[in-house]
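Reader: I'd like to learn how to read a model like this one. Can you walk me through it, feature by feature?

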Amino acid sequence: MLEYDFHESIGYWLTIAQQAYFRELTEALQPYGVTFRQAQVLGYLALDGPLTQSELAMRMAVEPPTLVGVLDRMQRDGWVERTPCPHDGRRKVIRPLPAAEQVWSKIVACGLATRQQAVVGLTTDEVAQLKGLLDRVSQNLRGEKKLASNNIPEAMVSS
């Protein structure tokens, strides 16, 4: 039998929390006819501005062919446009169109409601601490900080 102490794994808890968050957001978006992936596309465009299809796929952690189907539907609905990249005509740059504004406002409302649901029972200080800890985990995994410089006790590192 395969054995692993999942309950002591940071990865396990991050994954469980992420899946629950995405499920809640997906359910909130459903009445508006917006998928989670469509919300991700518009979210990354709002955060980073126009992106190439490959940059967008990488940020969303999806295979490029998966993203193509999402973008096809969004382009059909007038939410985004694909234009040739000025530096490389083989690449397409994705930009939101004015029709995406109304959809985006619904996505933001659903996102805010999901955010509120996720932190029920947490104090303002606990939310700030959670953000800080998740930021440190992210930085550690991107190699932005050395573990030794984080002053994390060795017992916690092995988690």
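Author: We'll go from the whole chain down to single residues. A quick word on the ground rules: this is a predicted model, where local features need pLDDT of at least 70 and side-chain atom pairs count only at pLDDT 80 or more, while totals for chains, interfaces and linings use all residues. Residues are numbered from 1 along each chain as its sequence is written, and side-chain values use heavy atoms, with hydrogens and water left out.

Reader: Okay, which helices and strands does the chain have, and in what order do the elements run?

Author: Helices (H or I, at least four residues) and strands (E, at least two) are DSSP runs, numbered from the N terminus. Here you get seven helices and three strands. Starting at the N terminus, the order is α-α-β-α-α-β-β-α-α-α.

Reader: How do I judge the overall shape, say from the radius of gyration?

Author: You take that radius over C-alpha atoms and set it against a globule rule, 2.2 Å times the number of residues to the power 0.38. For a compact globule of 159 residues the rule gives a value near 15 Å, but this chain has 19 Å. Along the principal axes, the C-alpha atoms fill a box of roughly 50 × 40 × 35 Å.

Reader: And what share of the residues is buried?

Author: Burial goes by relative accessible area: under 20% is buried, over 50% is exposed, and in between is partly exposed (1.4 Å probe, protein chains only). In this chain, 23% of the 159 residues are buried. The total accessible surface is about 11200 Å², with 57% of that belonging to carbon and sulfur atoms. Those areas come from the Shrake-Rupley method with a 1.4 Å probe, and for residues only the protein chains shown count as cover.

Reader: Which residues does a buried one like Leu56 touch?

Author: Contact means heavy atoms within 4.5 Å. Leu56 is found in helix 3 (residues 53-60), and it counts as buried because its relative accessible area is 0%. Not counting residues up to four places away in sequence, Leu56 touches Val41, Tyr44, Leu51, Leu67, Leu71 and Ile94.

Reader: Tyr44 is on that list. Where does Tyr44 sit, and is it buried or partly exposed?

Author: Tyr44 is in helix 2 (residues 36-48), and at 23% relative accessibility it counts as partly exposed. Tyr44 and Leu56 are 12 residues apart in sequence, with their C-alpha atoms 7.4 Å apart in space. Leaving aside neighbours within four places, the contacts of Tyr44 include Gly49, Arg59 and Met60.

Reader: What about residues in loops? Where is Val34, for one?

Author: Val34 lies in the loop between helix 1 (10-29) and helix 2, and it is called buried because its relative accessibility is 6%. Setting aside residues up to four places away, Val34 touches Leu29, Ala39, Trp79, Val103 and Ile107. For a loop residue of another kind, look at Ala61, between helix 3 and helix 4. Ala61 is exposed, at 67% relative accessibility, and its phi is near 55°, a positive value in a residue other than glycine.

Reader: Which residues is Thr114 in contact with?

Author: Thr114 is found in helix 5 (residues 100-118). With neighbours within four places left aside, its contacts are Tyr21, Glu24, Leu25 and Ala28. Thr114 is buried, with a relative accessible area of 3%.

Reader: Now the charges. How many salt bridges are there?

Author: A salt bridge is a side-chain nitrogen of Lys or Arg within 4 Å of a carboxyl oxygen of Asp or Glu. The count by that rule is four. One of them joins Arg82 and Asp72, whose closest N and O atoms are 2.9 Å apart. That pair links distant parts of the chain, with Arg82 in strand 2 (residues 80-84) and Asp72 in helix 4 (residues 64-76), 10 residues apart. Asp72 counts as partly exposed, at 40% relative accessibility.

Reader: Which other pairs can I look up, such as the partner of Arg76?

Author: The side chains of Arg76 and Asp77 meet in a salt bridge at 3.1 Å, N to O. Arg76 is exposed at 61% relative accessible area, whereas Asp77 is partly exposed at 35%. Arg90 also forms a salt bridge with Asp88, with the closest N and O atoms 3.0 Å apart. Arg90 is exposed, at 75% relative accessibility.
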